[in-house]
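Colleague: Mind walking me through a few of the labels on this one? I'd like to hear the reasoning behind them.

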Amino acid sequence: MKVFCGRANPTTGSVEWLEEDENYDYHQEIARSCYADMLHDKDRNVKYYQGIRTAVSRVKERGEKAIVLDIGTGTGLLSMMAVTAGADFCYAIEVFTPMAIAAVKIVEKNGFSDKIKVINKHSTEVTVGPDGDMQCRANILITELFDTELIGEGALPSYEHAHKYLVQEGCEAVPHRARVYAQLVESKRMWSWNKLFPVHVQAEDDEKIIVFPSEIENCPGVTSVYDIQLNQVPPSDFTILSDVVTMFSVDFSKQVNSSSTYYTANLEPIKSGMAQVILSWWDVDMDPSGMIKCTMAPYWVQPTSNDVQWRDHWMQCVYFLPNEEPVLQGENVYLTAYRDEYSVWYKLQKARNEEDKKDAYVGSPLCSCQAHLLWNRPRFGELNDQNRTNQYIQALMTVLEKDSICLCISDGSLLPLLAQYLGAEQVFTVENSAVSHCLMEKIFKANHVGDKIKIIEKRPELLTASDLEDKKVSVLIGEPFFTTSLLPWHNLYFLYARTAVAAHLTDGVTVLPQSASLYMMVVEFKDLWRIRSPCGTCEGFDVHIMDDMIKNSLNFRESKEAEPHPLWEYPCKSLSDPQEVMTFDFRLTVPQQTLSTHGSVNLLRTGKSHGAVLWMEYHLTADISVSTGLVQISDEKVFS
């Protein structure tokens, strides 16, 4: 059976109706999942297996049958480990139907169908009793319900329900406990992902500074954690201000309470500085003694950093404090971690007396300035990149005249401000949404140009002559940046927008950027290849069925598209030089014929060709370009 799916094309800006398989959504979920990454996580798998063996042994030593409840079974791997370790029976819960079907097949292929029952339900819907999904309560609870933040996938409410209704009191649990750690740091780079810095605009002999409204400066941002590969952040990019502290722990063998709460730890800064960011991670003990430990700690915390396990399904967390706070070495400060069922956030306090030390629960931060709703963390970093901004300033200075009529087409861009500061006669800017309109209006007013830049809240194709006060545009500008863009070429929407406003442009219009080039380079990844590599056998269990399932889902049209990854987090070695694939001329309208290219790549170095990385370079003028990807190639030919 086929179904029609409406999908917005971020490049053309149009909605396309495509015929898809009725299980299209399932296939997208499977294709984008981390199942392969988890199966390749040797450290995780070995530690789980060790923990399961010891849990089964403890139950058997008590003379009891080992009845296992495995919540979030996925491939059924942990259940098969349990049966191999001597468990008498396993109830394997999996809510995602395609995964549950695969688990049944994998369990059968490995010969465990008589001892593992796969239940395709959410664990909170599972029943216990003679006519229920489970004949009796389990005395071993095995779960893998964790994300980078530990609790983001609903682990706490799932554990809470399981202890009430599905497992025996005093059951064994694998993992047995988890601990969440925090470390206070100062980092201009990380802080630039959440706050906006003043922008310096040097025009001839005059310097102006773009400032931002106080409500943006004072806005706490959003709750959502920024999960990154912290091991790829250079030590020079942050200053450690405190030792690592344990913020809270959870004992999974006992009743868990998922209600919102908070935990406070006393910190004594080891260095004076500006407290801006909390770096956080967690570890789990697979056994009660804590001898079998699986940790997400970054390299500077682990004693044998050369053996740090790479994984992409669990990384490390960056939390932004509501405001930066100066701290002095040796003074007492109090760090509080607040949590609800699914997320964590932090607050730093300097206690002056006993009353100040008593901290009530504070709700999750909500963005009040709208900037954090419009722009993601990489976009904040982009706007704070003064070197990048200087490229646009330099380019604008070469094309602007005193009588220039400018039109900017980008979402929430600072280019209209730059154009106005650099002397354009009139500046118009198109904003597609009410949020971006409101935000940019605040920024323009804060810089006293609210009456000099006209915001037009329309799609480019709906623009009229009256919107432009019957003036023809002599300079069309864009970064380009659009909030709907995920892949490098999605910002080619600028070309379609340029075509849509062609009637409003002068014959000799200057377009900035004048063109864009798509580049590619063949690379060997150090680790990222694991997320798409077949596993075959995992800890002695045949999981080929899972490999085939992922491969089948990757054959769907959308799954064949490139994947967006911030490549600075994923080291790789170039096997070829950067190669220009295609160039798009923004001075012209969208060509009527389909553009295509073909050719060959000359591999200059030996290695494993895991894939090609692609990025765009925008040629602002003939000799000024801005890259969205590769910025330089080091002597080792790796991304920097």
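Colleague: How many disulfides does the structure hold?

Modeller: Zero. Bear in mind that this is a predicted model.

Colleague: What makes the sulfur of Cys406 too far for a bond?

Modeller: The closest cysteine sulfur, in Cys408, sits 8.9 Å away. A disulfide needs the two sulfur atoms within 2.5 Å, so Cys406 and Cys408 don't make one.

Colleague: And what about the sulfur of Cys538?

Modeller: Its closest cysteine sulfur is in Cys535, at 4.6 Å. Set that against the 2.5 Å limit and the pair is too far for a bond, therefore no disulfide there.

Colleague: Are Cys406 and Cys538 buried or exposed?

Modeller: Buried means under 20% relative accessible area. Cys406 has 0%, so it is called buried. Cys538 comes in at 3%, so that residue counts as buried as well.

Colleague: Switching to strand S15, residues 273–285: why is it called mostly covered?

Modeller: Because 12 of its 13 residues fall under that 20% cut-off.

Colleague: How do you know which strands S15 pairs with?

Modeller: Pairing takes at least two bridges between two strands. S8 (residues 177–186) has nine to S15, running antiparallel, so those two pair. One of the contacts puts Ala178 opposite its bridge partner Val284. S17 (residues 316–327) is joined to S15 by seven bridges, also in the antiparallel sense, and there Gly273 has Val327 as its bridge partner. S16 (residues 293–295) has three bridges to S15, again antiparallel, with Asp285 partnered by Lys293. Three bridges satisfy the minimum of two, so S16 counts as a pairing strand.

How values were computed
Residues numbered from 1 in each chain as written. Predicted model: local features only at pLDDT ≥ 70, side-chain atom pairs only at ≥ 80, totals over all residues. Heavy atoms only, no water. Buried < 20%, exposed > 50% of the residue type's maximum accessible area, 1.4 Å probe, protein only. Helix = DSSP H or I, 4+ residues; strand = E, 2+ residues; numbered from the N terminus.
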